[in-house]
Amino acid sequence: MFKVFLVEDEVIVREGIRNNILWEQYGFHFAGDASDGELALPLIRKVKPDLLITDIKMPFMDGLELIRLVRKELSGTKIVIISGYDDFSYAQQAIRMGVEQYLLKPIVKEKMVEILIALREKMEAERQQQEYLAKFHREAQEFETFSRRRFFEQIVTGGLSVSEISETANAMGIDLNAPYYNIVLFSLSSAGYDGSAPDSYTDAIARLQDDITQYIFSKPELILFRWNVTTYAILIKGGQQDVVHMTNECTENIRRRCATAGQDVNWYIACGTPVSRLSAVPACFEQASRILSYRYLCPKDHMLSEDSIRNFLKKAGPETDADKDINQERIRSFLNSGEPEEIDRFIDQILQSAGEKSVSLPLFCRYLNMTVYFAAAEYLESIGLGVDAFWHFELRPKDNACTPEEARKYALKVMRQAIELRDRESKKQQRDLLIQAIRFIDKHYSDETISLDRVARKVNISPNYFSAMFSQEVGQTFVEYLTNKRISEAKRMLRQTDKRSSEIAFAVGYKDPHYFSFVFKKVVGCTPSEYRRGDRQ
């Protein structure tokens with residue numbers, strides 16, 4: 001039902017329209033009326049009608065002024081004018097303001113019904129288009145389009161100027177205007193993930209990922225994008241107090257959902273401090289990244305913050321046994337899922353947690369070298385890579401004393417080599433699985449039930465990992481690839497067969513022919529029938 005509101009100063013006319021039309025029969029719900037624009041405006045703001053029927057000449061606030069205000073605040077509301085004045089100047093103004101119809105009194109019931117039926121059909125078509133657009137955006141936002149991901153990566157790393165950000169955001173239809181911003185990062189992976197192979201499919205992480213993303217997509221003030229295979233970022237925008245509230249609400253919602261996943265999922269959350277300009281977002285992101293990177297040293301602190309880091313460093317003072325601070329398990333944990341760009345920060349955190357006094361001792365430096373080497377060696381053995389076959393002799397630990405800087409350089413070199421070998425092994429498996437996935441998509445694209453989750457399950461990769469791997473290797477998200485595959489086949493069938501558009505829609509995986517036409521026009525730039533005629537090559 002569409003809501004309709006009536007504004008008319010003549011009581012008899014107002015009651016006649018209100019009582020003599022069977023509104024619900026024609027798809028409308030009569031939501032209220034008023035005798036003039038001044039009384040009507042607060043009610044209209046509350047009701048937010050889909051259709052406004054208003055007289056022009058009224059006391060206190062006339063119809064034209066009311067229409068100007070409604071147009072400004074409720075741009076989607078349809079408007080029908082009723083008037084006792086057959087004045088062309090009024091009609092001209094009404095047309096300029098986008099009024100649907102201009103009816104002269106006395107109002108003929110049959111004419112009003114005719115207009116209502118026509119408006120209902122138009123409004124239903126527009127609503128359907130809006131629903132199609134929302135569906136299209138939801139599908140395209142399957143962890144955002146590839147270009148969208150690259151855009152946000154450039155924002156948070158300072159790769160774009162503010163003017164470039166604004167221009168790109170406008171071109172992509174993204175609203176970034178806000179007084180304040182903040183960044184929330186969260187990391188998800190299965191408990192058994194070791195980094196040498198794609199994260200395996202589990203129902204627990206698939207449900208969790210879907211649950212979290214659906215929550216984020218329901219909040220227009222939250223913008224989700226992927227950072228790497230295990231980490232997502234959320235850009236929060238709004239007023240100063242709003243951003244603080246939304247940050248707390250967002251992290252709590254993610255925490256609550258992650259907590260229900262049990263021991264099958266490793267998860268961590270960190271956020272930055274709100275900033276008042278887009279140019280400061282990279283600093284906010286850097287802060288959140290630094291905090292999140294402590295997940296390897298504070299594995300039990302899922303909600304990481306500046307306070308939790310301070311508490312950790314306070315406990316890990318110079319008096320603490322070094323073996324407790326740099327045990328191999330923490331290094332192995334980093335080698336499992338750490339990113340190359342996090343290595344420097346991780347080594348610095350180990351040194352910081354040990355304390356300046358301990359780090360200055362040659363014995364500690366030799367101990368750090370040995371611990372890093374054996375942790376890396378055991379990790380590589382665990383993923384099927386023999387150390388002797390891959391490592392150069394100079395990577396073996398030296399027994400002579402060394403300075404803190406020498407120890408740091410050695411630890412960086414060993415860990416970079418270990419992660420490079422890990423990623424090389426993972427890439428081999430990724431390529432094989434990706435080939436399987438693409439073959440499956442190419443064979444089943446016409447099945448309307450095909451989804452990222454289904455393909456990920458087929459090749460036994462977590463949807464989270466599969467989505468990141470697919471976009472990184474193919475240069476498109478799964479939905480972009482699937483849509484292009486379907487539309488490409490539809491174009492061939494439009495040109496080479498006599499099948500109707502509805503038949504082609506079903507043949508390429510669209511249950512709703514109207515939605516197929518909508519997507520086709522979005523992708524190709526013209527309707528299927530126009531393409532068939534050759535209007536658009």
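So, when I say two residues are in contact, I mean they have heavy atoms within 4.5 Å of each other. Keep that in your head, and also that what we're looking at is a predicted model.

Let me put that contact idea to use straight away with Asp175. Setting aside anything within four places in sequence, Asp175 is in contact with Ile223 and Lys237. You'll find Asp175 in the loop between α7, residues 162-172, and β6. At a relative accessible area of 46%, Asp175 is partly exposed. Its side chain also reaches over to the backbone nitrogen of Asn177, at 3.1 Å. And if you like C-alpha distances, Asp175 and Pro220 are 45 residues apart along the chain, with 9.5 Å between their C-alpha atoms.

Okay, let's zoom out to the whole chain. We've got 24 helices and nine strands. Now, is this thing spread out or compact? The radius of gyration comes to 31 Å, well over the 24 Å that the globule rule gives for 537 residues, so the chain is more spread out than a compact globule. The C-alpha trace spans about 105 × 60 × 40 Å along its principal axes.

What about the inside and the outside? Of the 537 residues, 48% count as buried. The chain exposes about 26100 Å², and carbon and sulfur atoms supply 49% of that. On contacts, take the ones with a sequence separation of 6 or more: residues 24 or more positions apart account for 70% of them.

Charges, quickly, since somebody always asks. There are 72 positive and 77 negative side chains. The centres of those two sets lie 2 Å apart.

Now on to some individual residues, starting with Asn182. Asn182 sits in strand β6, residues 180-190. Is Asn182 buried or exposed? Its relative accessibility is 1%, and buried means under 20%, so Asn182 counts as buried. So who does an asparagine side chain talk to in there? One partner is the side chain of Thr247, through a polar contact of 3.2 Å. Another is the backbone oxygen of Gly272, which the Asn182 side chain reaches at 3.2 Å. Both of those residues turn up again in the contact list for Asn182, which leaves out neighbours within four places in sequence and also includes Ile234, Leu235, Ile236, Val243 and Cys284.

Next, Val80, over in strand β4, residues 78-83. Val80 is buried too, with a relative accessible area of 1%. Which residues does Val80 touch, not counting those up to four places away in sequence? Leu51, Leu52, Ile53, Thr54, Val99, Gln101, Leu103, Ile115 and Leu119. Ala118 is a good one to pull up with the distance tool: Val80 and Ala118 are 38 residues apart along the chain, and their C-alpha atoms are separated by 12 Å.

One more buried residue, Ser471, in helix α20. Ser471 has 5% relative accessibility, and the buried cut-off is under 20%, so Ser471 counts as buried. Its side chain reaches the backbone oxygen of Ala468 at 3.2 Å.

Right, backbone geometry. If you scan the torsions, here are three places to stop.

Stop one is a cis peptide bond, from Lys105 to Pro106, with omega near 0 degrees. Pro106 is in the loop between β5, residues 101-104, and α5, residues 109-140.

Stop two is Phe60, which has a positive phi of about 70 degrees although it is not a glycine. Where is Phe60? In the loop between β3, residues 51-55, and α3, residues 63-73. Phe60 is at 72% relative accessibility, and exposed means over 50%, so Phe60 counts as exposed.

Stop three is Asn460, another residue other than glycine with a positive phi, near 60 degrees. Asn460 lies in the loop between α19, residues 452-458, and α20, residues 463-474. That's the helix we just visited for Ser471. Asn460 comes out at 44% relative accessibility, which puts it in the partly exposed class.

So, to leave you with a picture: a predicted chain more spread out than a compact globule, with Asn182 buried in β6 and Phe60 exposed in a loop. That's me done; over to you for questions.

Definitions and conventions: Residues are numbered from 1 along each chain as its sequence is written. This is a predicted model: local features need pLDDT of at least 70, side-chain atom pairs count only at pLDDT 80 or more; totals for chains, interfaces and linings use all residues. Side-chain values use heavy atoms; hydrogens and water are left out. Helices (H or I, at least four residues) and strands (E, at least two) are DSSP runs, numbered from the N terminus. The radius of gyration is taken over C-alpha atoms; the globule rule is 2.2 Å times the number of residues to the power 0.38. Buried means under 20% relative accessible area, exposed over 50%, partly exposed in between (1.4 Å probe, protein chains only). Accessible areas come from the Shrake-Rupley method with a 1.4 Å probe; for residues, only the protein chains shown count as cover. Lys and Arg count as positive and Asp and Glu as negative; His and the chain ends are not counted. The place of a charge is taken as NZ of Lys, CZ of Arg, CG of Asp or CD of Glu. A polar contact is a pair of N or O atoms within 3.5 Å; within protein, one must be able to donate a hydrogen and the other to accept it, and residues adjacent in sequence count only if both atoms are side-chain atoms.
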